[in-house]
Amino acid sequence: MDTRRIKSLMVLNGDTLIDLSKAVGCTSETLSKKINEYKGSEFTQSEIKAIKTRYNLAPEEVDAIFFAD
């Protein structure tokens with residue numbers, strides 16, 4: 001996962017961790033763990049879809065963020 005990229009998207013769109021967590025449907029703590037891949041935490045398909053929609057991401061951008069090595 002490209003942590004820097006998702007964090008930069010949040011900043012560019014004026015979102016806080018709380019804003020994005022509400023849009024995704026989880027707590028800010030859970031979202032933070034997923035962004036930082038804490039103890040193997042990962043985004044679900046529905047959460048990725050919500051982020052894709054919120055930031056109007058192209059499929060290539062989704063791949064670059066969530067499926068980066």
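Of the 69 residues in the chain, 32% are buried. The structure described here is a predicted model. Its secondary structure amounts to 5 helices and 0 strands, and the order along the sequence is α-α-α-α-α. The radius of gyration of the chain is 11 Å, close to the 11 Å that the globule rule gives for 69 residues, so the chain is as compact as a globular protein of that length.

**Overall dimensions and contacts**

- The C-alpha trace of the chain extends over about 25 × 25 × 20 Å along its principal axes.
- Among the contacts between residues at least 6 apart in sequence, 55% connect residues that are at least 24 apart.

**The aromatic pair**

- Searching the whole structure yields 1 aromatic pair. The ring centres of F43 and F66 lie 5.2 Å apart and the ring planes meet at 75 degrees; because an angle over 60 degrees counts as edge-to-face, the pair is placed in that class.
- The two partners come from distant parts of the chain, 23 residues apart. F43 belongs to the loop between α3 (28–35) and α4 (45–54), whereas F66 belongs to helix α5 (residues 59–66).
- Both F43 and F66 are buried.

**The largest pocket**

- The largest pocket holds about 160 Å³ of space.
- Its lining consists of M1, K34, E37, S41, E42, F43, I48, F66 and F67. Both members of the aromatic pair, F43 and F66, are therefore included in this lining.
- By residue class, the lining of the largest pocket comprises 5 nonpolar, 1 polar and 3 charged residues.

**Backbone angles in the loop between α3 and α4**

- Most residues other than glycine have a negative phi. Against this background, two residues of the loop deserve attention: E37 and K39.
- E37 has a phi near 50 degrees, a positive value although the residue is not glycine. This residue is located in the loop between α3 and α4, and it also contributes to the lining of the largest pocket.
- The relative accessibility of E37 is 39%, so E37 counts as partly exposed, a class that runs from 20% to 50%.
- K39, likewise not a glycine, has a positive phi of about 50 degrees. K39 is also placed in the loop between α3 and α4.
- K39 has a relative accessibility of 72%; because this value is over 50%, K39 counts as exposed.

**Two residues of helix α2**

- D19 is part of helix α2, which covers residues 17–24. With a relative accessibility of 30%, D19 counts as partly exposed.
- When neighbours within four places in sequence are set aside, D19 makes contact with G14 and R54.
- S21 also has its place in helix α2. Its relative accessibility is 3%, and because this is under 20%, S21 counts as buried.
- If residues up to four places away in sequence are not counted, S21 touches C26, T27, S28 and L31.
- Within helix α2, then, D19 is partly exposed, whereas S21 is buried.

Key
Residues numbered from 1 in each chain as written. Predicted model: local features only at pLDDT ≥ 70, side-chain atom pairs only at ≥ 80, totals over all residues. Heavy atoms only, no water. Phe/Tyr/Trp six-rings, centres within 6.5 Å; stacked < 30°, edge-to-face > 60°. Helix = DSSP H or I, 4+ residues; strand = E, 2+ residues; numbered from the N terminus. Buried < 20%, exposed > 50% of the residue type's maximum accessible area, 1.4 Å probe, protein only. 1 Å grid on protein atoms, 1.4 Å probe; cavity = no way out; pocket = protein on both sides within 12 Å on 5 of 7 lines; lining within 4 Å. Points joined across faces, edges and corners; volume = space filled by probe spheres on them. Nonpolar A, V, L, I, M, F, W, Y, C, P; charged D, E, K, R; others polar. Contact = heavy atoms within 4.5 Å. Rg over C-alpha atoms; globule rule 2.2 N^0.38 Å.
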